[in-house]
Each structure stands twice: as C-alpha cells, then as structure tokens.
Amino acid sequence: MKKTLSLLLTLSAALTLNAAEAASVRGADGVTVNINNPKRVVALNGTTVEIIYKLGKQNTLVGRDVTGTFPAAAERLPSVGHWAQVGAEGVISLKPDLVIATEDSFIHDNAVLKTQLRAAGVPLLVLPEAGKGARAVSVPA
C-alpha cells in the first residue's frame, strides 16, 4: 500500500502541473528531474501505466513497456519492449518529454539504459521498485 500511495502521489504531482508550474522531483536514484507539464510520457512499468490512467492523464502516454496492459486501452500504445530489456532507441523514437520507470527497470541488460536516456537529454524519473515503499522520491514544496 505504501508503494502504491508513493507512486500515486509522485505521479499526481508530476503529471498534474499546468503550463505555468514546474516541479523538481528527486527520484529514487537520487537524481532530481525538472518536470514541467509533460505531454509525451513513456512508462516503463505496468503499475505506473495503470496509475497514470487512474489520474486521468492517459492522454500524456505515448509509450509503455509490455507489462502496461491495464486498462485494455493501454495496449493500443506503442510498446518499447520488456521492462528489463528496453532499448534506448525505441524510447527516444517516441520523443518523450518524460520517461517514468522504477529502479528495477535498470537491472540485467538494462543497466546502461538510464545513462543512454539521460545522455540523449530525455528526462527520466526513477521511482522506487516494488517493496521499497516511499523512501526515496520527494517533491520539494
């Protein structure tokens, strides 16, 4: 429950900003991301996709990983592959102004993905992985 609440609060803050507002969000990896009214979001986690829909911000989604299948409408979005094997090129080709992933998105063969996305100038917000709770994501007041 803490994880879901943490994700919900963080995503709500990040995705509900209007054009005149911006937020600096410190991700679970310690990197602060400046978020300003995102319009092209790629979500690399099924739970994240679902929460974005619940927030009514599905119109911002331009891509997902293969686990983002709920609600069923999400399946119409382009898939960038399995969360543990996402290629940077597929994500970058969608021209996102924000990529949202969880820490576990960067294990195994995906360890370099974080570096590649950031080197390409793609804002990347890393949320805590399942079971880690609300410990590392903060939105300064």
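A residue counts as buried under 20% relative accessible area, as exposed over 50%, and as partly exposed in between. The exercises below apply this and other criteria to a predicted model.

**Exercise 1. Determine how the elements of the chain are ordered and how much of the chain is buried.**

Solution. Begin with the inventory: the chain has four helices and six strands. Reading from the N terminus, the order is α-β-β-β-α-β-α-β-α-β. Next, consider burial: 45% of the 141 residues count as buried. Finally, turn to contacts between residues at least 6 apart in sequence: 56% of them join residues at least 24 apart.

**Exercise 2. Establish which parts of the model carry low confidence and which element carries the highest.**

Solution. For the chain as a whole, the mean pLDDT is 83, and 77% of the residues reach 70 or more. Among the elements, helix α1 (residues 2-15) has the lowest mean, 56, whereas β4 has the highest, 97. At the beginning of the chain, residues 1-5 have pLDDT below 50, and this stretch has eight contacts in the model beyond near neighbours in sequence. Residues 134-141 are also below 50, with 23 such contacts. Where pLDDT is low, predicted coordinates should not be read in detail.

**Exercise 3. Describe the surroundings of strand β3: which strands does β3 pair with, and which way do its side chains point?**

Solution. First, take the partners. Strand β4 (residues 61-64) runs parallel to β3 and is joined to it by three bridges; within this pairing, Gly63 is the bridge partner of Val42. Strand β5 (residues 98-102) is likewise parallel to β3, with four bridges between them, and Ile100 of β5 stands opposite Ala43.

Second, take the side chains. In a regular strand they alternate between the two faces of the sheet. In β3 (residues 41-44), Val41 and Ala43 point one way, while Val42 and Leu44 point the other way. All four of these residues are buried.

**Exercise 4. Follow the chain from β3 to β4 and characterise helix α2.**

Solution. The path passes through helix α2 (residues 46-54), and β3, α2 and β4 together form a right-handed β-α-β unit. At the start of the helix, a side-chain oxygen of Asn45 comes to within 2.8 Å of the backbone nitrogen of Thr47. Along α2, the buried residues are Gly46, Thr48, Val49, Ile51, Ile52 and Tyr53. An α-helix has 3.6 residues a turn, so residues three or four places apart point the same way. After the helix comes Gly56, which has a positive phi, near 75°.

**Exercise 5. Locate the salt bridges and explain why they link distant parts of the sequence.**

Solution. Side chains of opposite charge can pair when their charged atoms come close. Searching the whole structure gives two salt bridges. In one of them, Lys114 pairs with Asp29, with 4.0 Å between the closest N and O atoms. Because Lys114 lies in helix α4 (residues 113-119) and Asp29 in the loop between β1 (23-26) and β2 (32-35), this pair ties together parts 85 residues apart in sequence.

The other joins Arg118 to Asp29 at 2.9 Å, N to O. Arg118 also lies in α4, so its pairing with the β1-β2 loop ties together parts 89 residues apart in sequence. Asp29, Lys114 and Arg118 are thus linked in a network of salt bridges.

The last step concerns accessibility. Lys114 has 23% relative accessibility and therefore counts as partly exposed. Asp29, at 25%, is partly exposed, and Arg118, at 27%, is partly exposed as well.

Notes
Residues numbered from 1 in each chain as written. Predicted model: local features only at pLDDT ≥ 70, side-chain atom pairs only at ≥ 80, totals over all residues. Heavy atoms only, no water. Buried < 20%, exposed > 50% of the residue type's maximum accessible area, 1.4 Å probe, protein only. Helix = DSSP H or I, 4+ residues; strand = E, 2+ residues; numbered from the N terminus. Pairing = 2+ DSSP bridges. Right-handed = clockwise from strand over helix to strand, strands pointing away. pLDDT = per-residue confidence, 0-100. Contact = heavy atoms within 4.5 Å. Polar contact = N/O pair within 3.5 Å; in protein donor to acceptor, adjacent residues only side chain to side chain. Salt bridge = Lys/Arg side-chain N within 4 Å of Asp/Glu carboxyl O.
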